[in-house]
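Visitor: I should like to understand the terms used for this protein. Please show me the structure, and then let me ask what justifies each term.

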Amino acid sequence: MAWLIRSKARLLVSATRPLRAPVDSFHCSHFSDLTDHSVCSSPRKWLRSKAMRLNDVDDTQSRSSSSPQINRRPPVSQLEVSSNSLALHEFAGSEVQNVNNSGVRVDLFDELKQRFLSFKRHKYLEELEHFQTLKEAQSPKFMVIACADSRVCPSTILGFRPGEAFMIRNVANLVPPFENGPSETNAALEFAVKTLEVENILIIGHSCCGGIQTLMSMRDDGDSSFIKSWVTTGKVAKSRTEAAANHLSFDQQCRLCEKESINRSLLNLLTYSWIEDKVREGLLFVHGGYYDFLNCSFEKWTLDFKGSSGEEGARLLVKDQELWC
């Protein structure tokens with residue numbers, strides 16, 4: 001009989017050995033003495049002692065609360081704001097912070113939060129009827145193609161309200177021709193023209209465009225990148241600029257190319273039959289715009305469809321040119 005008890009005790013030790021590792025903040029102390037040598041020397045005495053200990057534990061638990069004590073993670077501290085500093089203490093997670101001129105670390109997302117709350121108070125709630133209308137559908141009059149440059153925000157520059165302009169922004173505000181195949185830009189154009197039935201397409205270029213500078217500095221040396229592969233869409237604008245202004249400085253050539261690329265993109269729009277047909281019927285108008293943030297001026301012009309062609313040997317005529325300054 002003793003050998004049977006010893007055998008079962010050994011099996012119990014083997015089965016419970018993995019439980020000895022700590023689990024979360026609890027430790028399986030009830031099994032900590034299973035490796036006691038008394039198991040082998042006097043198994044009956046050990047089992048009797050174990051039973052008495054378990055009874056003591058049950059009595060203790062019955063006297064305590066039915067809800068176990070759980071070690072909870074301390075809450076994330078709130079932002080502490082004073083007139084001199086804005087600090088974030090005990091932030092659990094990655095922080096996005098900046099340092100202002102006085103060396104104070106400022107949480108950038110707290111600033112965005114304040115801007116959003118200001119928008120809600122001074123725009124959304126004051127124009128609640130307008131935003132309630134946008135819940136049902138959007139019916140913008142403009143499709144805007146602008147550069148991804150952080151200094152060029154069409155809604156800020158031209159004052160578009162939510163719902164007034166369907167937008168896409170890319171490097172150098174380029175429109176690829178139809179034969180280049182699918183892209184995010186022509187997908188957005190298709191949705192704007194076919195589904196939303198916008199009445200105007202406006203391509204906005206700008207001064208000091210890094211995408212155009214990349215285009216103008218490219219050489220046929222096989223070097224490639226995502227940016228260079230994309231800006232080659234404007235290679236016709238580059239070649240026309242170099243042919244007409246090779247006696248000018250690089251910066252002057254870039255400025256000319258910034259405007260020439262807008263005109264090439266206007267012509268590229270006509271390579272899409274569903275755009276050309278609507279322009280011909282007078283249901284859609286395409287415009288160019290150039291924002292010079294060096295002196296805060298804006299040039300605007302409209303493509304004259306009757307004198308323009310988007311096919312090979314493309315030519316462009318414009319009308320309704322204006323300078324806003």
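Guide: The questions that follow concern a predicted model, and each answer sets a value beside the criterion for the term.

Visitor: What does the protein contain, in helices and strands?

Guide: The protein has 12 helices and 10 strands. Of its 325 residues, 32% count as buried.

Visitor: What makes strand 6 and strand 10 edge strands?

Guide: Six strands form an open sheet in the order 6-5-7-8-9-10, with mixed pairing. Strand 6 (165–170) and strand 10 (318–324) each pair on one side only, and they are the edge strands. From one strand to the next, the twist averages 20°.

Visitor: How do you know that strand 5 and strand 6 pair?

Guide: Pairing requires at least two bridges between two strands. Strand 5 (residues 142–147) and strand 6 have six bridges, in the parallel sense, so the criterion is met. Within this pair, I145 stands opposite I168 in strand 6.

Visitor: Why is the pairing of the sheet called mixed?

Guide: Two pairs illustrate the term. Strand 7 and strand 8 run in the parallel sense over seven bridges, whereas strand 8 and strand 9 pair in the antiparallel sense over six bridges. In the parallel pair, I203 has G288 of strand 8 as its bridge partner; in the antiparallel pair, H287 stands opposite T302 in strand 9. Strand 8 and strand 9 also form a hairpin with four residues between them, and C296 in the turn has a positive phi of about 55°.

Visitor: What makes strand 8 largely enclosed by the rest of the structure?

Guide: Seven of its eight residues are buried, so strand 8 is largely enclosed. Helix 11 (residues 250–269) lies across strand 7, strand 8 (285–292) and strand 9 (297–303), and runs at about 165° to strand 8.

Visitor: Which helix packs on the sheet by touching strand 5, strand 6 and strand 7?

Guide: That is helix 7 (residues 184–195), whose direction makes about 170° with that of strand 6.

Visitor: How do you know that the buried residues of helix 8 are on the same side?

Guide: The buried residues of helix 8 (residues 210–217) are G211, I212, L215 and M216. They cover an arc of only 130° around the axis, and therefore lie on the same side of helix 8. An α-helix has 3.6 residues a turn, so residues three or four places apart point the same way. The cover over the buried residues of helix 8 includes helix 9 (226–231), helix 10 (235–245) and helix 11.

Visitor: Is S261 buried or exposed, and how do you know?

Guide: The limit for a buried residue is under 20% relative accessible area. S261 has 3%, so it is buried. This residue lies in helix 11; leaving aside neighbours within four places in sequence, its contacts are L174, I212 and A237.

Visitor: Why is Y272 called buried, when it lies in a loop?

Guide: The term depends on accessibility, and Y272, at 2%, falls under the 20% limit. Y272 is in the loop between helix 11 and helix 12. Beyond four places in sequence, Y272 is in contact with V175, P176, P177, F178 and N186.

Visitor: What distinguishes N173 from E197 in accessibility?

Guide: N173, in the loop between strand 6 and helix 7, has 2% relative accessibility and counts as buried. E197, in the loop between helix 7 and strand 7, has a relative accessible area of 52%; the limit for exposed is over 50%, so E197 is exposed. Neither is a glycine, yet phi is positive in N173, at about 45°, and in E197, at about 55°.

Visitor: Which residues have the most contacts inside the largest nonpolar core?

Guide: They are M143, I145, L189, I201, L269 and I275, in a core of 28 residues. Among the elements that give two or more residues to this core are strand 5, helix 7, helix 11 and helix 12 (273–280). Another core, of 12 residues, lies apart from it and includes C147, C209, I212 and C257. In soluble globular proteins, nonpolar side chains tend to be buried together.

Terms used: Residues numbered from 1 in each chain as written. Predicted model: local features only at pLDDT ≥ 70, side-chain atom pairs only at ≥ 80, totals over all residues. Heavy atoms only, no water. Axes fitted to C-alpha atoms, helices over the stretch in contact; angles between N-to-C directions. Contact = heavy atoms within 4.5 Å. Buried < 20%, exposed > 50% of the residue type's maximum accessible area, 1.4 Å probe, protein only. Arc of directions from axis to C-beta. Core = buried A, V, L, I, M, F, W, Y, C linked by side-chain atoms within 4.5 Å.
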